[in-house]
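Thanks for sharing this one; here are some notes to read with the structure open beside you. Take the points in order and try to find each spot as you go.

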Amino acid sequence: MSDSGAMPTPSPSLTQRPAWKALQEHYQKVRTLHLRQLFAADPQRGERFAVEACGLYLDYSKNRITPETMQLLLQLAQECKLREHIEAMFTGQKINATEQRAVLHTALRAPKEERIMLNGIDVVPEVHAVLDKMADFTRRIHSGEWRGHTGLAIRNVVNIGIGGSDLGPVMAYEALRHYKQCHMTFRFVSNIDGTDFTEATRDLVPEETLFIVCSKTFKTLETLSNAHAARKWILRAHGDERAIARHFVAVSTNAEGVASFGIDVQHMFGLWDWDGGRYSMDSAIGLSTMLAIGPDNFHAMLSGFRTMDQHFRSAPFERNLPILMGLLAVWNTNFFGAQSVAVLPYEQYLKRFPAYLQQLTMESNGKHVTLDGARVDYQTGPVYWGEPGTNGQHSFYQLIHQGTMLIPCDFIGFCQSLNPLEQHHDVLMANLFAQTEALAFGKTAEEVKAKGIPDWLAPHRTFEGNRPTNTLLAELLTPEILGCLVALYEHSVFTQGTIWHIDSFDQWGVELGKALAERTIPELQSPEEPTLRHDSSTNALIRRYRQFKKHRL
């Protein structure tokens, strides 16, 4: 890995690697095999294709693989120098090639005694200084030492951000609500749609409300628009500019922008350019999380991240959870042609986990050129989506079971419930196990007809099966296990990106639409009819919007 500003050294085309070619030949041999056959031929398959680490048990036996498949995938990882890429990330090399940045989100959960050098500076003390500042602020809020402008205690916290500054905090708050340590209300505002801010604040008392403005640059359009709406909301209640300093804190790197907004820079929590937004929920972006669950639980979550980091860095590839999941994703995407992955947590607290993974996976690996700038000639970045079980079973599972698309699924379950209620958890988990079984083995026409179903109806009641799934089991959803889960997917994404030879840490694809929006905003707001120079469709849409905008209720 080069640490200079030069163009990365071109690598051999992925599709020309020996292991890739061997996988193509191997795929032709196994593509017609059914999981029924594979399980029948190997009574120990369920144990053979399973691995346990970091409090997580991964059963990947219901993928359409053989021992040879895994051997070839592991060979591909070696040919792509995955181990060297992992070390390059952990040691602060500039693997975000297009932005010439290190990728050190793993430093956010490093213990105090560890040294991680970047440009001659150990970044770990800086990380822990911010964590200590967050913990002190949390103590002051919880104890009532920090009060609003009129002397009332803070009872409401509204996080304002977007992308990684929103999806991570929302997901973590929902996932760890069981561990909430305060009688406070937490809300999250991200959308530029005014409805989002209005509904989030409608029933809150301004004198008891604190806003956390999360923006690395303090220039993000959506975040700053909502922050200024919040500023006006506070000033309407107080009529005093000094109130801003007691009702706002910032998570940012832009001290000048924070100060000009009216926030005391002493109440700004720092970030670093080596930590991308979608990898930042365990940084100061997680301030709302710490306020909700307390410093001890937050540090337990960091410990879970760290445990998975160490496992990813040191475990043999054949026993390495993120690497196995990443390689299986490549197998299903590039050889079986799967274009999406369903993430199905059988845990209501993880209801926002699929949405969180959408940004993590799709913003990271939705790329069409390699690190060398060449157009890829293979598929990258499948669509990630999902809902918690059993809700999804009554929604989209029909398509997964009997549709024409192959959709690999990740099932996530827990052996104990945080909220035991009669037999609910047994029923929940029975559904998880039954779904993976049904997706794997299906139901043949002969089995259907044996139940007395008439011939004309039998095709409708037949299930092909042979649909690949992973199952992740943990004992209980704890802050530590949540950290493990998030880091598992972070490193699986990195594994896939390394195989595909793409930059998993930039996101230039979000820039064009934002730039065009900046150009269009004045055209929507101008009191005079603007001269439009878009395409005929966009011009017509803008004119229609302006026409109906005049007829507001």
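1. Let's begin in the middle of a sheet, and please keep in mind that this is a predicted model. Strands β12 and β13 pair in the parallel sense, with six bridges between them. Which residue of β13 stands opposite Ile 412? That residue is Leu 472.

2. On to the other neighbour of β13. Here β2 and β13 run antiparallel, joined by three bridges. Tyr 57 has Leu 473 of β13 as its bridge partner. A general point helps here: strands in a sheet pair through backbone hydrogen bonds, and the pairing can be parallel or antiparallel.

3. Is β13 mostly covered or mostly open? Six of its six residues are buried, so "mostly covered" is the right description, given that buried means under 20% relative accessible area. In a regular strand, side chains alternate between the two faces of the sheet. You can follow this along β13: Thr 469, Thr 471 and Leu 473 point one way, while Asn 470, Leu 472 and Ala 474 point the other way, and all are buried.

4. Now zoom out to the whole sheet. It is open and has six strands, in the order β1-β2-β13-β12-β10-β11, with mixed pairing. The edges are β1 (50-53) and β11 (383-385); each has a single partner strand, so one side of each lacks a neighbour in the sheet. On average, neighbouring strands are turned by 15 degrees against each other, ignoring direction.

5. At the β1 edge, four bridges join this strand to β2 (residues 56-59), and the two run antiparallel. Look for Val 51, which stands opposite Leu 58 in β2.

6. Two helices to find next. Helix α14 (residues 353-365) packs on the sheet and touches β10 (340-345), β11 and β12 (409-414), with its direction at about 165 degrees to that of β11. Helix α16 (residues 424-441) also packs on the sheet, where it touches β12 and β13 (469-474); its direction makes about 155 degrees with that of β12.

7. What lies inside? The largest nonpolar core has 126 residues, and Trp 274, Phe 353, Leu 482, Leu 485 and Tyr 489 touch the most other members. Helix α19 (residues 479-500) gives the largest share of this core, twelve residues. Follow Tyr 489 back to the sheet: among the residues it touches are Ile 412 and Leu 472, the pair from point 1. Another core, of 23 residues, lies apart from the largest one and includes Val 189, Phe 197, Ile 244 and Val 258.

8. Finally, the aromatic rings, with a count of 27 pairs. Why is the pair Phe 211 and Phe 248 called stacked? Their centres are 5.1 Å apart and their planes are at 20 degrees, so the pair falls under the 30 degrees limit for stacking. Phe 211 sits in strand β7 (residues 209-214) and Phe 248 in strand β8 (residues 248-251), 37 residues apart in the chain. Phe 211 is buried at 0% relative accessible area, and Phe 248 is buried at 0% too.

9. For another arrangement, look at Trp 331 and Phe 336: with centres 5.4 Å apart and planes at 85 degrees, the pair is edge-to-face. Ring pairs also link these two with Trp 20, Tyr 27, Phe 335 and Tyr 378 into a cluster. Rings can have charged company as well: the charged end of Arg 246 sits over the ring of Trp 146, 4.2 Å from its centre.

Technical notes: Residues are numbered from 1 along each chain as its sequence is written. This is a predicted model: local features need pLDDT of at least 70, side-chain atom pairs count only at pLDDT 80 or more; totals for chains, interfaces and linings use all residues. Side-chain values use heavy atoms; hydrogens and water are left out. Two strands pair if DSSP finds at least two bridges between them. Axes are lines fitted to C-alpha atoms, for helices over the stretch in contact, and angles run from 0 to 180 degrees between N-to-C directions. Contact means heavy atoms within 4.5 Å. Rings of Phe, Tyr and Trp (its six-membered ring) pair if their centres lie within 6.5 Å; planes under 30 degrees apart count as stacked, over 60 as edge-to-face and the rest as tilted. Buried means under 20% relative accessible area, exposed over 50%, partly exposed in between (1.4 Å probe, protein chains only). A charge sits over a ring if NZ of Lys or CZ of Arg is within 6 Å of the ring centre and within 35 degrees of the ring normal. A nonpolar core is a set of buried Ala, Val, Leu, Ile, Met, Phe, Trp, Tyr and Cys residues joined through side-chain atoms within 4.5 Å. Lists of a residue's contacts leave out its neighbours within four places in sequence.
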